[in-house]
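Please read the sequence and the model below first. The report then takes up how the chains meet and how two helices pack.

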There are 2 protein chains.
Amino acid sequence: MDFLAFLAADPEAMRLPLEVLLVFGTAKFLAEVFERLRQPGIVGEILAGVVLGSSVLNWIRPDELLRSLAEMGVMFLLFRVGLEVKPSELLRLGGTAAVVAAAGVFLPFVMGWAIVSAWGFGQIEAIFVGATMVATSVGITAQVLAAKGLLSERSSKIILAAAVIDDVLGLLVLAVVSSTARGKINVVELSITAVVAIAFVIVMAAWGSKAATHVVPRVHASMRAGEAEFSLAVVFLFALSVLAVYTGVAAIVGAFLAGMALAETVGERVKDLAHGATELLVPFFLAGIGLNVDLSVFASPSLIVLALVILAAAVLSKLLGCGLGALPLGRADAFRVGVGMVPRGEVGMVAAQLGLVMGAISKDIYTAVVFMAVATTLAAPPLLTLAYRSVKKNQEQEVFRLG
Amino acid sequence: MDFLAFLAADPEAMRLPLEVLLVFGTAKFLAEVFERLRQPGIVGEILAGVVLGSSVLNWIRPDELLRSLAEMGVMFLLFRVGLEVKPSELLRLGGTAAVVAAAGVFLPFVMGWAIVSAWGFGQIEAIFVGATMVATSVGITAQVLAAKGLLSERSSKIILAAAVIDDVLGLLVLAVVSSTARGKINVVELSITAVVAIAFVIVMAAWGSKAATHVVPRVHASMRAGEAEFSLAVVFLFALSVLAVYTGVAAIVGAFLAGMALAETVGERVKDLAHGATELLVPFFLAGIGLNVDLSVFASPSLIVLALVILAAAVLSKLLGCGLGALPLGRADAFRVGVGMVPRGEVGMVAAQLGLVMGAISKDIYTAVVFMAVATTLAAPPLLTLAYRSVKKNQEQEVFRLG
């Protein structure tokens with residue numbers, strides 16, 4: 001932000017409003033541009049980060065403020081998505097979702113490992129790349145489906161349920177891989193991790209809603225402070241996020257389960273207020289993905305080729321793995337599910353970072369993996385628009401009728 | 001947070017959800033406790049910061065995350081308050097408000113200077129304390145009035161208008177004082193600062209609303225992205241905050257003027273969404289005030305006496321100065337205005353910090369001034385409840401009727 005510092009009588013007082021203005025304003029401006037070009041606005045918001053970041057203008061560097069807003073943004077996003085999903089419906093689709101998740105973990109891992117092995121890298125490096133390709137980042141898909149009003153589609157619910165299971169599986173793969181890289185696998189510890197994570201998700205999905213239906217209205221009725229129901233919902237959201245991290249899964253899985261548990265309990269007022277917080281914060285999550293892109297690292301042609309091969313494998317392996325898992329639902333839904341599971345994000349980057357710090361993977365491989373995570377994220381919204389085209393038309397008519 | 005680190009498989013992933021949960025949850029819990037004791041909930045939210053901070057539990061230290069959320073919280077708070085205020089009404093009350101602000105700047109400055117001089121400190125130190133006692137922190141008052149539905153009262157509008165003028169005057173006093181302490185006063189620079197700040201406020205208050213009424217609906221009508229009106233409002237809020245800091249006044253003055261300019265333009269949907277962001281963020285502003293309290297510094301009895309004298313002078317000088325300025329409105333409204341202008345906050349603390357860094361004031365005086373800022377903030381909500389008691393009853397009946 002140094003280039004803008006001359007503007008400010010008081011640079012410290014200027015920093016927050018200026019950063020928020022630049023990131024939020026650019027994201028919403030490019031979203032509008034993309035909508036007019038009949039492209040998903042979400043891609044514009046991600047590109048806002050690329051434009052503002054080190055690759056183009058170099059006006060904004062990802063700092064603590066932007067990281068915090070981004071993290072809260074994706075948590076509110078998954079919370080809001082959870083609020084639209086009834087747990088009973090999700091549990092009914094649990095069998096299919098588990099197959100989708102398992103196939104969508106197995107195939108990317110094997111393809112990532114095979115490619116990097118074949119390229120001549122070592123086994124540890126190949127295993128790590130496989131692990132980074134496992135975990136779907138459901139935030140992008142959820143945002144696209146929510147914005148288009150498609151969360152009630154059967155395929156959307158499969159995607160959400162599979163993404164939760166996928167996160168648990170991804171956690172286990174990562175735990176196994178990093179123990180392998182360290183040279184010893186503690187089977188007892190891994191088993192405990194697996195059991196705790198699975199138990200948390202099942203308990204919350206199965207009984208969280210029932211508990212919330214009993215407890216929340218009573219607590220709310222006895223409260224006197226203003227907007228008490230919203231305050232309760234926010235506390236519940238962050239409490240389950242803390243619990244989720246404690247049991248080993250991602251905070252956003254907790255946020256999603258919190259939303260789902262409250263879906264049939266809270267009123268429209270809470271949904272509107274949560275929507276306001278989400279609308280404010282999500283652009284920071286989206287632009288934050290773009291901010292982490294550093295195009296300058298692609299100086300070597302062989303690295304570009306490797307990155308593109310890894311990217312292609314990342315897209316195809318989820319499309320095939322998850323799509324085959326969802327084939328019993330018909331080809332259209334199978335394609336939707338496959339596409340919806342394509343984006344990788346935080347989890348893949350965390351795995352890559354861990355590998356880099358441990359010395360298990362080289363800087364080149366790291367760069368290729370980060371590129372894969374961002375590119376799958378950018379590819380998902382247009383692919384989803386394509387996959388849901390036939391549904392979208394009905395939906396738009398309905399919105400029109402309601403409006 | 002070290003004491004809680006053992007909880008986390010991944011301490012870095014745990015940090016944000018846990019901090020948000022602790023601060024937001026404790027603030028809302030204590031707000032509820034205070035409401036049940038028939039005290040203002042806002043005091044409970046401030047005390048949550050004291051309880052979590054270094055004085056009591058020492059669980060939370062003010063970090064970049066909490067500071068950012070607090071800063072955004074007070075900006076959204078003033079924006080939301082601005083949305084309820086029509087600029088025409090505020091300008092009509094401008095004359096009275098200017099008298100209130102001027103008297104409420106003069107008297108605290110003189111009393112602060114006189115007390116510290118009489119106590120035996122040097123002239124520079126006395127002048128600095130006077131300067132820290134000048135600027136009203138309108139956030140607390142605005143929150144109390146908004147929560148009680150009292151923003152449409154004449155006295156509430158006087159308070160808001162006077163607080164904006166007060167901020168400009170406080171800026172000038174601070175500029176003069178810090179130049180004095182540096183040993184040279186640049187009259188030209190000070191005059192430019194004054195003219196730019198005053199021009200910005202007058203232009204925005206007088207023509208901001210007209211411009212927004214012309215521009216916003218057209219831009220909004222031509223936009224295709226979802227919730228475009230809310231995005232426009234947020235961009236406007238942060239753009240005016242940046243402009244405000246650039247012209248020398250506080251970011252929250254820009255946020256307030258942005259809200260006021262949009263008051264007659266935006267729909268209920270934008271107000272609801274902005275309310276959601278405000279409800280989420282304001283507890284961090286309130287608890288943040290409490291987090292900065294360090295009770296352990298009050299080890300010396302003479303410092304306690306000095307702090308209490310400064311506190312009494314801070315309360316009395318605003319009550320008398322602003323109250324006398326508002327006396328033409330009748331005694332009840334004069335008392336309300338006086339009480340509403342009592343809280344000091346950020347600006348006083350910034351002045352104190354500046355004096356400390358410049359070596360103009362001692363650590364003892366600094367401590368006493370910070371105590372004054374927090375204590376006036378804590379005193380304001382119960383005093384406001386008292387001052388507006390007769391109005392509050394009518395209001396509650398009205399709410400009841402509407403409900």
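Two residues are in contact if their C-beta atoms, placed from the backbone, lie within 7 Å. This is a predicted model, in which local features need pLDDT of at least 70, side-chain atom pairs count only at pLDDT 80 or more, and totals for chains, interfaces and linings use all residues. Residues are numbered from 1 along each chain as its sequence is written, and chains are lettered from A and ligands numbered from 1 in the order in which they are written.

In chain B, 49 residues are in contact with 49 residues of chain A. The elements of chain B that give two or more residues to this side are tabulated here; helices are DSSP runs of H or I with at least four residues, numbered from the N terminus.

| Element of chain B | Residues |
|---|---|
| α2 | 11–36 |
| α4 | 64–83 |
| α11 | 228–247 |
| α13 | 268–291 |

The largest share, 14 residues, comes from α2(B). A turn of 180° and a shift of 0.0 Å along the axis lay chain B on chain A with an RMSD of 0.0 Å (least squares on the C-alpha atoms of residues with pLDDT of at least 70 in both). That is the relation of a two-fold axis. The copies meet through the same surface, because 100% of the interface residues of chain B are also interface residues in chain A.

Within chain A, the axes of α6 (residues 94–118) and α14 (residues 301–325) come within 7 Å and cross at roughly 155° (lines fitted to C-alpha atoms over the stretch in contact, with angles from 0 to 180 degrees between N-to-C directions). Therefore α6(A) is roughly antiparallel to α14(A), the term for angles over 145 degrees.

Notes:
Angles under 35 degrees count as roughly parallel, over 145 as roughly antiparallel, 65 to 115 as roughly perpendicular and the rest as oblique.
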